[in-house]
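Work through the following exercises with the sequence and the model side by side. Try each task before you read its solution.

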Amino acid sequence: MSVLTRDEAQTRARLLDVHRYTIELDLTTGEDTFDSRTVIRFTARADADTFVELKPAELRSVTLDGHPLDPEQLVENRLPLPALTAGEHELRVDASMRYSRTGEGMHRFTDPTDGETYLYTQLFMEDVQRVFAAFDQPDLKAVFDLTVTAPEGWTVLANGITEHLGEGRWQAAPTPLISTYLVAVAAGPWHSIRTEHRGLPFGIHCRRSLAPHLDADAEEILDITRQCYDRYHEKFEEPYPFDSYDQAFVPEFNAGAMENPGLVTFRDEFVYRSAVTDTERQTRGMVIAHEMAHMWFGDLVTLQWWDDIWLNESFAEYMGYQTLTEATRFTDTWTDFGVVRKAWGYDADQRPSTHPVAPENVDDTASALLNFDGISYAKGASALRQLVAWLGEKDFLAGINTHFARHKFANATLADFIDSLASGTERDVHAWADAWLRTTGVDTLTPTITRGDDGTHTLTVDRAGSRPHRIAVGLYDQDLGDTGRLVLRERLDLDIPQSDPQPLGKRPALLLLNDGDLTYTKVRFDPDSFEAVRTSLSGLPEPLTRAVAWNALRDAVRDGELPASTYLDAARAHLPHETDLALVQGVLAFASAQITDRYLTPEARPAALATLTALCRDLIRRTEDGSNPGLRLIAVRHFIDVAAHPDTVAAWLAEGTVPGGPELDPELRWRVLGRLAVLGATEETAIAAELERDPSATGQEGAARCRAALPDPEAKRAAWDAMFTTDDLSNYLFTATAQGFWQPEQADLVREYVPRFYEDAVTLAARRGPAMADAAGRWAFPTHAVDPESLRLGEQCLRDADLTPSLRRKLVDQLDDLARALRVREV
């Protein structure tokens, strides 16, 4: 397939003005393909050659201004339009297109619960070409006029309000000017809940089999939607720019959600079938807020080329967390951001594949796709949060509103964005952008406390890095009445680099840099402060402060400055007293997935599992009174995941409940069965029985995960063949199988598959495309094999194999993490 280069896009944008797409989709032609008929009306500004993109199963006919073109001229995904003359043109394309099972293009899913079929589009980057012919680049915006023929009894959703014309035909209201990648269709027998807010139609939609679960949460989802909508209208002078706001929860979705104007699509795991914590509900709320922010930043004003994808994602990420905090009951969202999202950004920014938040070298769409990572989301959002702290929210929002006014329904660049921000302030925003958005890596701030002759102390902060920071410094003293508690004495504002040492007065028990987490940096402790953290971390008064401290410990472990066992000891000492669910979940996740499974040697792993088991048991006992069901649920989940012996969790499964609760819902039942499979304490008959009990799509994934986890050579062969030999697995079933396959307890059993991964993933990626390449590199990589031979094999693969860009990026990241784990083991 030919990827679009920036130079080609710029040339085509200078040549063409695209006015309108009239698209007819027929979804009644069979299970493999659908019909796509497209009329594109456009103007050429000069005589020239150009091309249109599409990826058909069959290209039946093409006419330009009534004259037929030869369909055989289609090469890969490009159809030449030679010798265009200046003036108005009409291109007609009639094609048959393939349905997808990988979450790209028009994805087709049949619900195993009831046999109903659902279709939805995900057209990001280059996948509109899988659905209709297009001049596929973000700065050729147009009006889209869409008609869909669907089976009787289906509902069709689109960017605009849809009307049923009869006999399965649906007409969507024409869109305003939008980019090709933002066109959206979702068709099927949806369960829909519709309402209205401030005169605008709102709707939420899901598969029929999930209807009871959506109904149970509908008021919460709609409340958050209304609250965010109202808050954005307080922040933004430009009103919501589309005619309706639908949110569809769709199956087997690759991302968290997609900001299609007027029809946001979410992964339908956000329709909770089983018990979840309040932090997970908060995450769903943040995604709702994030996608709504895109209606302005991304949809109303769109990037000109993919080097500015951060403008979409960083802005929506920052606004999602900030607006959820301001407008809803979820007031501690920045703690979760600090624990989960910032760690994603820090990790990505320390790998060889790092890039600036605003890169200058995105030469084509394949390169652009690689930048949807923790840098474009979490680091960029952190940079914007630091910008607001430095600039002030009033000036920041003034600049944003200037940007919307200047570029609405058009495209903009980083330079445009910075100019808009600069228009509302006297600060040098251009210099700030150069320091923050054009550089890579994470700064590290280290404090030195010096005692003066008069007995008072001063602070000097050493900066490893180059960025300016405005931070808060927390000074904490021991509570004399409770030696486990730390009391905030004072929070000092400090600009880095410093001009002079900062007076402190009396030496605090703990000095914490970046208290409040307003900047993006790693922080270290002076020796006395580290001792205070080691003994009194849970005694810090605010969750966000504790999050900064936990992140500092996490970073020190990853950098080889702190033994992994010390982090585990801190978790054992302080998590039994922790009240914030995001912190408990984040610390346990790092302690199990990284420390226990990767950073400690196999010989040390059993003791680490025992430590985590004891910790989870303490949390379960602490919540026996029912006072904190979310904390209890987290503890139960992790107790299952780290169980080294099957007896306790097998008894829970047999009885259908944890003593004292909770009852085992489908998620917990599959989790227990998966762990029993790893431990060799269950078999195929039990998996089949559980699948009969829960035949849903989630049940199918649970069964695939369990079967792949069985410590049996034949089970491993079958799982490997399903992933790499056939193309029968959808994106979600592939991921579930991969998650079950590699287990630290089964290292000897799967040793022969480690070299096979580096061979088979290469051919899979070439055969099945970017989404499956990403899944293979992320989930099917042998992360448990922390040994020099696996690293050698991976490095050889990078040198010698013909890798797709998506798989190469994943392998670079995975191998860097593997090399880091080997270094950490030496500490």
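**Exercise 1. In which helix does His 407 lie?**

The structure is a predicted model, in which local features need pLDDT of at least 70 and side-chain atom pairs count only at pLDDT 80 or more, whereas totals for chains, interfaces and linings use all residues. Residues are numbered from 1 along each chain as its sequence is written, and side-chain values use heavy atoms, with hydrogens and water left out.

Step 1. Helices (H or I, at least four residues) and strands (E, at least two) are DSSP runs, numbered from the N terminus, and His 407 belongs to helix H8, residues 393-407.

Step 2. Buried means under 20% relative accessible area, exposed over 50%, and partly exposed in between, with a 1.4 Å probe and protein chains only; because its relative accessibility is 14%, His 407 counts as buried.

Step 3. Contact means heavy atoms within 4.5 Å, and, once neighbours within four places in sequence are set aside, His 407 is in contact with Leu 300, Val 301, Ala 412, Asp 416 and Ser 420.

**Exercise 2. Describe helix H7 and the residue just after it.**

Step 1. Helix H7 covers residues 375-391, and 16 of its 17 residues are buried.

Step 2. Gly 392, which comes just after H7, takes a positive phi of about 95°.

**Exercise 3. Which residues of the largest nonpolar core touch the most other members?**

Step 1. A nonpolar core is a set of buried Ala, Val, Leu, Ile, Met, Phe, Trp, Tyr and Cys residues joined through side-chain atoms within 4.5 Å.

Step 2. The largest such core holds 277 residues, and Phe 396 and Leu 437 touch the most other members.

Step 3. Beyond its neighbours within four places in sequence, Leu 437 has contacts that include Trp 310, Pro 356, Leu 414 and Trp 432.

**Exercise 4. Place Ser 696 in the fold.**

Step 1. Ser 696 sits in the loop between helix H19 (684-693) and helix H20 (697-709), and, with a relative accessible area of 8%, Ser 696 is buried.

Step 2. Although Ser 696 and Asp 111 are 585 residues apart along the chain, their C-alpha atoms are separated by 7.2 Å.

Step 3. Not counting residues up to four places away in sequence, Ser 696 touches Pro 112, Thr 113 and Arg 273.

**Exercise 5. Why does Cys 706 form no bond with the closest cysteine sulfur?**

Step 1. A disulfide is a pair of cysteine sulfur atoms within 2.5 Å, and a search of the whole structure finds 0 of them.

Step 2. The closest cysteine sulfur to that of Cys 706 is in Cys 616, and because it lies 20 Å away, it is too far for a bond.

Step 3. Cys 706 is also buried, with a relative accessible area of 1%.

**Exercise 6. What lines the largest cavity?**

Step 1. On a 1 Å grid over the protein atoms alone, a cavity is a set of points where a 1.4 Å probe fits but cannot get out, and lining residues have an atom within 4 Å of a point.

Step 2. The structure holds 5 cavities of 30 Å³ or more, and the largest contains about 60 Å³ of space, where a volume is the space filled by probe spheres set on the points, and grid points are joined across faces, edges and corners.

Step 3. Among the residues that line the largest cavity are Tyr 346, Asn 514, Lys 522 and Asp 555.

Step 4. H12 gives the largest share of this lining, 4 residues.

Notes:
1 Å grid on protein atoms, 1.4 Å probe; cavity = no way out; pocket = protein on both sides within 12 Å on 5 of 7 lines; lining within 4 Å.
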